[in-house]
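Subject: Structure handover

Hello,

Here is the structure we talked about. My notes follow below it.

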Amino acid sequence: MEPLVSGFPLLAQQFKSLFRKNLILSWRSKRSTSLQLFSSAFFIFLIFCIQKALDARFNTTTAFDNVFDPVALVSPPIPPCEDKFYTRLPCFDFVWSGNASSKIGLIVSSIMANNPGRPIPSDKVMSFGTTSEVDDWLFSNPMTCPGALHFSERNATVITYGVQTNSTAVGKQGHFEDPTFKFQIPLQIAAEREIARSLIEDPNFSWVVNLKEFAHPAVATFSAVATVGPTFFLAIAMFGFVFQISSLITEKELKLRQAMTMMGLYDTAYWFSWLMWEGIITLISSLLTVLFGMMFQFDFFLHNNFGVVFLFFFIFQLNMIITQFGFPYSTDYSRTYRAIWSVFPPNLLAEGLTLLSGATATPLDPGISWSRRGKCAPNDTECVITIGKVERWQVIEFVRIIYLPLFSWLDVTGKLMLHLVLLLEGGICSCTRSVPPPEDVTPDDEDVHEEENTVKQAASEGEVDTNIAVQIRGLVKMYPGTTKIGCCKCEKTSHYHALKGLWVNVAKDHLFCLLGPNGAGKTTAINCLTGITPVTAGDALIYGCSVRSSVGMSNIRRIIGVCPQFDILWDALSGQDHLHLFASIKGLPPASINSVAQKSLAEVMLTEAAKIRAGSYSGGMKRRLSVAIALIGDPKLVILDEPVC
């Protein structure tokens, strides 16, 4: 067989194989992958619905529109009383005082008859003698009449009048009623028109009043993107984050990463493959987010530069570690305070959305161009941070929390913490006693005793027999007891010795069987030899390499194959996929991987099931596949933990 690949070529080969594994798993989990990629369509649709609901709520006002040449409203009519918000029936279109004068009575009749578009019936109008009578009636009959006219005939050529309406604006289901424009002005125009016609005695006299609203630019609209966007865009980012964490935890819980580590996996290749894959998924997800936003015609996405918006979402989703958002970017807070809060990516998301939304608040706002991303955003009066600075902060955060050094640190820290716990359990922090030394037990069996003495003698003389594959020298594994600290007392369970000093040699080219009842420590011994479980005391040499040395264990993993007690397989990968993956991790030359995989499948009678997912295999088929994985690369030592089910 060709020599195994090592060094950087092996790292690149492992990365390529792991990346392919992630691709296959994502392709075969189409539902979760689709949710991860297309969740943005759902959430942007929700934002779209919210925005449309808000637009409909304010559709009766032109405050949010650019009005440069207002359309004239000609002589608005007196509206029916039923059009007023919160009206009690029966109601009256208007009431009037001054009914003692016949001339005023004729004026009111003309008002009713000449109302544009709708003559007012007599039962919709009520007359009174004085203004005080009108006040008393309005007080006794609230919400039944929107307005009143008060006439007074001074002499044959002078008639005065007054208009009485409730000037309080009323809101109903998001719409606001302006009593001045809706009731007062129509009453005023009607009174003046009919008084003028009466005084000049010309019933056809043209009295036309045109009304125009004041020309004005649009005020900033209520932006659903800026208001609910931080929550929804955070949810979009969380989809990818949750699926990624779920995949990592699954591989950890099912000991899949442990199996790959036993085959010689580099941690760098593992984490970099995840980083690259999630980076591509994030890139596609961010691109779809922007495209969906443009599809739903949000000014936020249409008027801001595509590159600015896309980069903003892409970098944020890479930063997705924590789930809070919001940040007080204001001159009321110091630069140091803002810098501290910028450590949290969701805060940057909220502020970035605010800047980009403010830059497109009205139809005339230009948005943020790529060349102006480092300058104050339009409509940002305080300008304590630019969109360019927000994106730079996001880059800093990505570098700070990039997965490779983070998880490498966690790996090292986890081991240090384990040793620290063991130290504290047996040291000054122990509330009872220190960890007891390993027991010196003399074997009852003469052959076992003789083997132990042989190994001890060789160890004391420093001999390394080249005919010995494995030399186990007093291997000890002890699990500390648990501690319960109560009020003024401390309870601690005793320590458990899984291995109490194992001395044995395993010769080359021999089949060695380790027998014992359940709980005897067989699997523990295998875990110590393969580096899965740290050794408490003693040592073991595999072809001269110590299991207690990181360099030694790295060399050991290149020459051994392991079939664990329980099958460690991906349900979504086929038998052929598994062998290709583990052959690449082991370091087989790429040109030989396919032929080796086919040969291995044939040896365990899985050729016909080569492309079937392992999740569909029977228990026996899974065990045969696990054995085939252990034999990949023609290892010098094969460790099989209950390979037959």
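On one side of helix 3, S102 and L106 are exposed (over 50% relative accessible area; buried is under 20%, partly exposed in between; 1.4 Å probe, protein chains only). On the other side, I104, I107, V108, I111 and M112 are buried. They cover an arc of only 140° around the axis, which puts them on the same side of helix 3 (the arc is taken from the directions from the helix axis to the C-beta atoms).

This is a predicted model: local features need pLDDT of at least 70, side-chain atom pairs need pLDDT 80 or more, and totals for chains, interfaces and linings use all residues. Numbering runs from 1 along each chain as its sequence is written, and side-chain values use heavy atoms, without hydrogens and water.

The buried residues of helix 3 pack against strand 2, strand 3 (125-128), strand 4 (147-153), strand 5 (159-165) and helix 5 (179-200). Contact here means heavy atoms within 4.5 Å. Helices (H or I, at least four residues) and strands (E, at least two) are DSSP runs, numbered from the N terminus.

Now the cysteines. The structure holds one disulfide (cysteine sulfur atoms within 2.5 Å). C81 and C91 form the link, S to S 1.9 Å. The link is right-handed, with 65° about the S-S bond. Both C81 and C91 sit in the loop between strand 1 (73-74) and strand 2 (94-97), so the pair ties together parts 10 residues apart in sequence. C81 and C91 are buried. C49 is partly exposed, at 34% relative accessible area. C513 is exposed, at 54%.

Best regards
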